[in-house]
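Trainee: Please walk me through this one.
Mentor: Sure, bring it up on screen.

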Amino acid sequence: MKLAWIVAIATFAIDQLTKLVVVQWLDLLGRGVIEIVPPYLVFRMAWNQGINFGLFAHDADIVRWVLVVVSLVISAWVWFWVRKENPRRWAQISAGLLIGGALGNVIDRVVYGAVADFLNMSCCGIDNPYAFNVADIAIFAGAIGLVIFTGNGDSAVKSGKSTVKTP
C-alpha cells in the first residue's frame, strides 16, 4: 500500500509541475502553441471541460462537478481496494498512477473549471488534433495496468496459505 501512495503523490506532483511550467512559465496560455519537435511533440493549449476528447463539454458546469465527484469516488474506491487486497507491486503502481492522475485533473477542474491539456503528438502522416496531459497518461496507464496486473491470485497471501496451485 505504501508503494501506491508514493506513486500517487509523485504522479500528482509531476502532473501539476508540468502544467505549471508549460502553461504558466513558458506562457503557453498567451502563446497558444509552442513547437518542441514538430510534429512529434507540440505544446498546444487546450482547456478540456468534458471527458476525453472534450466529450460532454456542452453542459460544462454540470459536467465539471459530476466529473469531480466521479473522479473522487473512483480514486477512493481504488485506494480502499489497495488497502483491502494488498496487491502485488505492479498493481500498486498502476493504482497509484490512476489515483494521482485523477486527482491532478480534479484540481484543474476545481481551480480552473477545466483540465489544462497541452501535449499534442502526431506521427507517421497522422495529424492528431487533440491535446492531453501527464495526468491523462497516468490514468490510462494505471487503468490498463490494473486490468493486466490484477485478478485471481494477485493479492498478497493473507492467510499464510500458498497461492501456488498443484494439480
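**Backbone, burial and bridges**

Mentor: Start with Asn86, which counts as partly exposed at 34% relative accessibility. Keep in mind that this is a predicted model.

Trainee: Where is Asn86 in the chain?
Mentor: Asn86 sits in the loop between α3 (60–85) and α4. Check the backbone there too. The phi of Asn86 is near 50°, a positive value, and the residue is not a glycine.

Trainee: Why point that out?
Mentor: Most residues other than glycine have a negative phi.

Trainee: What about Asp27, what is its phi?
Mentor: Asp27 has a positive phi of about 55°, and it is not a glycine either. Asp27 belongs to the loop between α1 (2–25) and α2 (28–31). At 37% relative accessibility, Asp27 counts as partly exposed.

Trainee: And the prolines, which kind of peptide bond joins Pro38 to Pro39?
Mentor: The bond from Pro38 to Pro39 is cis, with omega near -5°. Most peptide bonds are trans. Look for Pro39 in the loop between β1 (33–37) and β2 (41–48).

Trainee: Which residue is in contact with Pro39?
Mentor: Ser122 is one to look at. Leaving aside neighbours within four places in sequence, Ser122 contacts Pro39, Tyr40, Asp127 and Asn128. Its home is the loop between β3 (115–120) and α5 (134–149).

Trainee: Is Ser122 buried or exposed?
Mentor: Ser122 is buried, because its relative accessible area is 8% and the cut-off for buried is under 20%. The side chain of Ser122 also reaches the backbone nitrogen of Asn128, at 2.8 Å.

Trainee: I see cysteines just after that. How many disulfides are there?
Mentor: The count is 0 disulfides. A disulfide is a covalent bond between the sulfur atoms of two cysteines. As for exposure, Cys123 is partly exposed at 34% relative accessibility. Cys124 is exposed, with a relative accessible area of 70%.

Trainee: New topic: charges. How many salt bridges are in the whole structure?
Mentor: A search finds 3 salt bridges. Side chains of opposite charge can pair when their charged atoms come close. Start with Lys19 and Asp15, which meet at 2.8 Å, N to O. Both lie in helix α1, 4 residues apart, about one turn of the helix.

Trainee: What other partner does Lys19 meet?
Mentor: Asp108. That bridge has an N to O distance of 2.7 Å. Lys19 is in helix α1 and Asp108 in helix α4, so the pair ties together parts that are 89 residues apart in sequence. Asp15, Lys19 and Asp108 are thus linked in a network of salt bridges.

Trainee: Are those three buried or exposed?
Mentor: Lys19 is buried at 6% relative accessibility. Asp15 is buried at 0%. Asp108 is buried at 1%.

Trainee: And what does Lys84 pair with?
Mentor: Lys84 bridges to Glu85, with the closest N and O atoms 3.7 Å apart. Lys84 counts as exposed, at 58% relative accessibility.

Trainee: Back to α4. Where does Gly100 fit in?
Mentor: Gly100 is in helix α4 (residues 89–112). Gly100 is buried, with a relative accessible area of 1%. Not counting residues up to four places away in sequence, Gly100 touches Ala8, Thr11 and Phe12. Compare Ile6: Gly100 and Ile6 are 94 residues apart in sequence, and their C-alphas are 9.4 Å apart in space.

Trainee: What does Ile139 touch?
Mentor: Ile139 touches Leu97, Leu98, Gly101, Ala102 and Asn105, again leaving out residues up to four places away. Ile139 lies in helix α5. At 28% relative accessibility, Ile139 counts as partly exposed.

Trainee: Last one. Which residues make the nonpolar surface patch?
Mentor: Leu29, Trp47, Trp65, Ile107, Val110, Val111 and Tyr112 make a patch of about 650 Å². Helix α4 gives the most to the patch, with 4 residues.

Trainee: Pick one for me. Is Val111 buried or exposed?
Mentor: Val111, in helix α4, counts as exposed at 54% relative accessibility.

Technical notes: Residues numbered from 1 in each chain as written. Predicted model: local features only at pLDDT ≥ 70, side-chain atom pairs only at ≥ 80, totals over all residues. Heavy atoms only, no water. Disulfide = S-S within 2.5 Å. Buried < 20%, exposed > 50% of the residue type's maximum accessible area, 1.4 Å probe, protein only. Helix = DSSP H or I, 4+ residues; strand = E, 2+ residues; numbered from the N terminus. Polar contact = N/O pair within 3.5 Å; in protein donor to acceptor, adjacent residues only side chain to side chain. Contact = heavy atoms within 4.5 Å. Patch = residues over 30% accessible without salt bridge, like charges linked within 9 Å, V, L, I, M, F, W, Y side chains within 5 Å. Areas by Shrake-Rupley, 256 points an atom, 1.4 Å probe, with all protein chains shown as cover. Salt bridge = Lys/Arg side-chain N within 4 Å of Asp/Glu carboxyl O.
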